[in-house]
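Me: Could you take me through one part of this model slowly, namely the place where the ligand sits? I'd like one connected picture.

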Amino acid sequence: MMMTHRERILAVLNHKEPDRLPLDLGSAIATTMTAKAHERMRAYLGLPSEPPPATFSRRSSTVIPDEAILRRFDVDARPLILGNPDGRPDREVSPDAFVDEWGVTWARPEGGHFISTDGPFYHQDEPTREDLEKFPWPDPADPGRYRGLRERAKELHEKTDYAVMLNLGVGPVHQCQFVRGYGEWLEDLLINRAFAEGLMDRVVEIWVEITDRALEEAGDSVDLVMYGDDVGTQKGLLLRPELYRQVIKPRHKRMADCVKRHGKPILYHSCGSVYALVPDLIEVGIDALNPIQVTAAEMDTRRLKREFGRDLIFWGGINTQRVLPLGTPEEVREEVMRRIEDLAEGGGYVLCAVHNIQPEVPPENVVTMYEAAQEYGR
Amino acid sequence: MVDLKMLAEAVIRGDAKECARLTQEGLDNGLSPQVLLNDGLMAGMAVIGERFKCNDIYVPEVLIAARAMKAGMVILRPKLAETGAKPVGKVVAGTVKGDLHDIGKNIVCMMLEGAGFQVTDLGNDVAPERFIQAIKEQEAQIVGMSALLTTTMLNMKGTIEALKAAGLREKVRVMVGGAPVTQRFAEEIGADGYAENAAVAVEKAKELLAVH
Ligand code: B12
C-alpha cells in the first residue's frame, strides 16, 4: 500500500514498516545544505539559480533547499522554523559579524561559517549566580518568534502531505558554550559548578517556555520536533558519562518532558561518538537520533541497531567525513546499501547525510545517494 | 621531593591556586625552576595525557589541568628565562584557513607546553602566510596544523605547498591532526607526522625532533 510522505515518517516513528525508506533533506537544522552546496546542486540539475533560497540558519550558512530539489529526491519532511525576536533582532557589527539576542558575537572568516567569538560571560574569571541575576535574558514571549507560525504550519500540514518538523533552539550545552565560551563552560562544570548549573537552568527555562508557546500556537500541525546539543567528539564523549548523568541529563529530561506534554515525537541531534549515552538518551525520552556520525568511535550502525533498535529511530548515517566529499559515486552507492542493511529493518530509519551537505561535496554524489536510497529502500 | 609530587598532583586535580602556591613555595625552598617544571608541572601533565589517551578523563579535566599548569608556569617563566633554560623544541600551531574549531588544537598546544615545548598558538582561520611568518619569527622546528572539516583539510596541503614556495619546507617538520584527518591523508599531502589525539601529538613531536 502506498503511503503519503507524512504517513511514511509517522510509520517509522511508530516502529512500523513503511512502504519505502523515508528520506530527509532540509527538514532540520543539521540535515540541510550549505548555500554553496545548494548553488552547486541547482547548477548540476540544470535548475534556475533564482530565486535565492530561503535561509535556514544564518549562523550555519545553510538554506532551505529549492522545492524542485526536494521533489526530485522525493524527500518526506519539511521544516517549520521560528521567527526572529522583535525586541532584539541581530545587531550587525560588520558584513561578517553580528550580535544575537543572547549578546553572543558571531563572526566568520571571509566566505566561511559563523562561529561564536565573544559572549556576555566570556571574560570573567569566576562568574557567579549574581551575575546571572543581573543579566538581561532573551524574552521567550517575544511575539516575533511566533508571528505567522500557526499559518505556516497549517499550510504545510493541510496543503502538503509532508511531515512537519518544528525546529527548536539548541540545548543547554551549546547555548552555555555560546554565552560563556566553549572551553570556559566545560571548566565551570568542574570548578564553578554553581554558576554552570545556574546558567543551564536559565537556558532551559527559556527553551521550555519558547517550546510551550510554539507548540500551543502550531502544535496541531506539527508532526515532530527537533533540537540538538552536541555531547560527542570524534573519539568519544565530550565529557565523562557520570558528569552527563549528574548535570546535563536532568535538564535534557525537562526539555523532553515539555515536548512530551504536547504529545510530539523528538528528534535529537548530537554529533560525534555518543554510543555510551544512548541508553540515557532513550531514558530522557528522545524518539529518534541524528546524525549517527558513523565515522566517530563506537558508532557502528549494525551494533547500534541491534542494541537499541527497539527503542530508537536512526536519522542520518551517510558518511560525510569521507564517502560523500571524497568518495566515488560507486562508493556512495555501497555506503547507502550498507546503512540501509544495518538500520532499516522493521522500519526505524530515515536516511540522510550525517550533517549539512558541505560546499565541497560533489552534487553527483548527493544525487547518487538519493537515487540509491530510492532504489534500495523499497 | 614530597613537594614535587604534591605539585604534580595539583596539576592532575586541576587545582590552579594550589599549583601556584606550591610552585612559589618550591622556589622559596630553593628548588630550581627547571626541576619544578620537569618533575612537578610536566610530570602532572604527562599523567593527564596518558589518562586522556585512554578515555579515562575527558576534555573538561584536561582543560582544568592545563589551567593549573599555566598558573605555575606564570611564576616559573621569568625564572626559567633568567637561567637561560631552553625549551624542548619550538612549535607554531593553528587551525587552518576557513576552519574555526579550536578545542582540539588548544588541547594539543596545552599538552605540548606541558611537555616542555615553546608553543606559539596562532588561533583559528590561519592563512598559509601567517604560518610562514610565525615560523620565521619564532624559528620554529615544528608547525602543527589542525582541521575539523573536510572542507578545510585540503588547506593543509595548500599550506605545505606555501611552505615549499617560501623555502621553509626543509626547515620545519609538519604535524597534522583533527577529526577527519588520517595517517593516510597526512602521508598523501606530504606531512611528516599525524596524531589522533593530543597525547600522541606530544610523542610525535618528540619523535620528529628526536628528543626523549
Ligand atoms: C564542537 C563542534 C563544533 C563547535 C566548535 C567550537 C569550537 N570553538 O571549537 C561549533 C558548534 C561552533 C561547530 C561549528 C561547525 N561545525 Co562542528 N563540530 C564540533 C564537534 C561536535 C566536536 C569537535 C571538538 O571540539 N572535539 C573535541 C576535541 C578535543 O577533539 P578534536 O578536535 O578531534 O581534537 C583532537 C584530535 O583530533 C587531535 N588534534 C586536533 N588538532 C590537531 C592538530 C595536530 C597538529 C595534531 C597532531 C593533533 C590534533 O588532538 C585533539 C585532542 O586530543 C565535531 C564532531 C566531531 N566528530 O569531531 C563537529 C564537526 C567537526 N563539525 C562539523 C560541521 C559540519 C560544522 C559546521 C560546518 C556546521 C554548519 N555550520 O553547518 C560549523 C563550521 C564552523 C567553522 N567554520 O569551522 C562536522 C564536520 C563534517 C565534515 N564534513 O567534515 C563535524 C564532524 C560534525 C558532524 N557530525 O559531522 N562545530
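Reply: Happy to! Let's begin with the elements of chain B that line the ligand: helix 5, strand 3 (142–146), strand 4 (173–177) and helix 9 (198–209) each supply at least two residues of the shell. Helices (H or I, at least four residues) and strands (E, at least two) are DSSP runs, numbered from the N terminus. Helix 5 of chain B gives the most, with four residues.

Before going on, please note that this is a predicted model: local features need pLDDT of at least 70, side-chain atom pairs count only at pLDDT 80 or more, and totals for chains, interfaces and linings use all residues. Residues are numbered from 1 along each chain as its sequence is written, chains are lettered from A and ligands numbered from 1 in the order in which they are written, and side-chain values use heavy atoms, with hydrogens and water left out.

The ligand lies between chains A and B. Around the ligand are 46 residues (a heavy atom within 4 Å), and A:Q234, B:L100, B:H101, B:S146 and B:T150 come nearest.

B:H101 deserves a second look: its NE2 is the single protein donor to the ligand's cobalt atom, 2.3 Å away. Donors here are N, O and S atoms within 2.8 Å of the metal (3.2 Å for Na, K and Ca); water is not among the atoms, so sites may look incomplete. B:H101 is in the loop between strand 1 (90–95) and helix 5 (103–114) of chain B.

Polar contacts (pairs of N or O atoms within 3.5 Å) add to the picture. The side chain of A:Q293 has an N or O atom 3.0 Å from a ligand nitrogen, while a backbone N or O atom of B:G98 lies 3.4 Å from a nitrogen of the ligand.

Note on methods. Polar contact = N/O pair within 3.5 Å; in protein donor to acceptor, adjacent residues only side chain to side chain.
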